[in-house]
Amino acid sequence: MSTLHPHPKGPVRIYAVLLRLYPSRFRGRFGAQMLQLFQDSYPQAEGMLTAASFDFWRLTFLDLACSLGGEWRQTLVKPRKLGFPVRQWADSLVIPFTVLGYLLVEGNLGAGLIRTPAIYPWMGACTDDWRFLLCMASTGMAIAATLALLGVLSAIITARNRSAEIWSIKLEYDGTTD
Amino acid sequence: MKKRFNTGASAAPAIDLLPLTPAVFYILLVLAEGDRHGYAIMQEASKRSNGSLHLGPGTLYAAIGRLLEDGLILELDERPAPELDDSRRRYYRLTDLGSRALAAEAQRLGELARQARATRAVRELKHA
């Protein structure tokens with residue numbers, strides 16, 4: 001009896017969503033190739049036992065966790081080796097954003113799960129299920145807001161770097177730099 | 001064979017780029033054998049390291065991005081064997097600077113290994 005291996009559209013879609021976590025510049029440059037590479041390597045794990053598939057996803061998430069930090073750092077803290085004022089404020093904003101995001105998530109989780117009635121007295125009449133849902137919703141919003149801020153920052157830096165690169169290429173071409 | 005325009009190629013001597021990370025060392029090692037695409041690099045690096053090195057898409061392309069910026073490798077426009085290969089894949093090639101960096105790193109590692117072998121602790125382990 002032959003075993004049919006379905007085309008891994010679902011996992012590829014999941015990975016395509018995960019790729020959105022990378023800075024737009026990196027994603028634009030290598031996103032399609034990374035997706036292709038994921039698609040190429042996925043069936044090997046899929047054809048094996050479930051444990052192998054689990055291991056494949058474990059390695060994928062590990063790879064994601066290892067490379068995400070470096071790419072965001074490259075984008076925000078060390079933008080393309082070009083000295084701009086934007087680099088200074090990127091340096092100064094990364095830590096506050098990270099701390100703010102962490103406090104929002106932790107604060108919401110803590111407030112929702114432990115201290116809700118004390119912090120939000122108007123929620124006293126709510127059931128535990130509603131409190132939990134509200135807590136999850138506000139945590140989600142905090143994460144989304146932090147990611148959105150990072151995304152906007154990344155987009156601004158990418159746009160600034162791109163225009164500066166075009167300028168430097170033009171200057172080199174015109175022979176106006178030494 | 002045409003190559004893509006690379007604005008980030010560095011003129012730094014190979015020695016300035018050392019030490020290389022294991023991922024970068026294996027990527028250069030694989031490309032020293034010839035032009036390869038990402039999937040082939042990933043497979044060969046895993047094979048050469050006896051499975052100890054796992055290069056996922058994120059790690060691989062992050063390293064490739066930096067190697068392109070430093071001018072150690074370049075991205076090719078043409079594919080070596082069109083009838084056999086997938087046109088969606090991008091191929092990479094080792095540059096002269098990349099070859100020199102690889103040789104310098106191999107020499108550095110060789111020297112480290114030589115010094116380690118000269119120590120009593122390693123000699124005793126070897127005989128045990």
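This text walks through the two chains of a predicted model and then looks at one helix of chain B.

Start with chain A. Its 178 residues include a buried share of 15%. The secondary structure is helical: chain A has five helices and zero strands. Reading along the sequence therefore gives the pattern α-α-α-α-α, since helices and strands are the elements counted. Contacts add another view. Take the contacts in chain A between residues at least 6 apart in sequence: 65% of them join residues at least 24 apart.

Chain B comes next. It has 128 residues, and buried ones make up 30% of them. Here strands appear as well: chain B has five helices and three strands. From the N terminus, the order is α-β-α-α-β-β-α-α. For chain B, too, consider contacts between residues at least 6 apart in sequence. Of these, 65% join residues at least 24 apart.

Now turn to helix H2 of chain B, which spans residues 38-48. Which of its residues are buried? They are B:Gly38, B:Ile41, B:Met42 and B:Ala45. Where do they sit around the axis? These buried residues cover an arc of only 100 degrees, so they lie on the same side of H2(B). The spacing in the sequence fits a general rule. An α-helix has 3.6 residues a turn, so residues three or four places apart point the same way.

Finally, look just past the helix. H2(B) is followed by B:Asn50. The phi of B:Asn50 is positive, near 55 degrees.

Note on methods:
Residues numbered from 1 in each chain as written. Chains lettered and ligands numbered in written order. Predicted model: local features only at pLDDT ≥ 70, side-chain atom pairs only at ≥ 80, totals over all residues. Buried ≥ 20, exposed ≤ 12 C-beta atoms within 10 Å, placed from the backbone. Helix = DSSP H or I, 4+ residues; strand = E, 2+ residues; numbered from the N terminus. Arc of directions from axis to C-beta. Contact = placed C-beta atoms within 7 Å.
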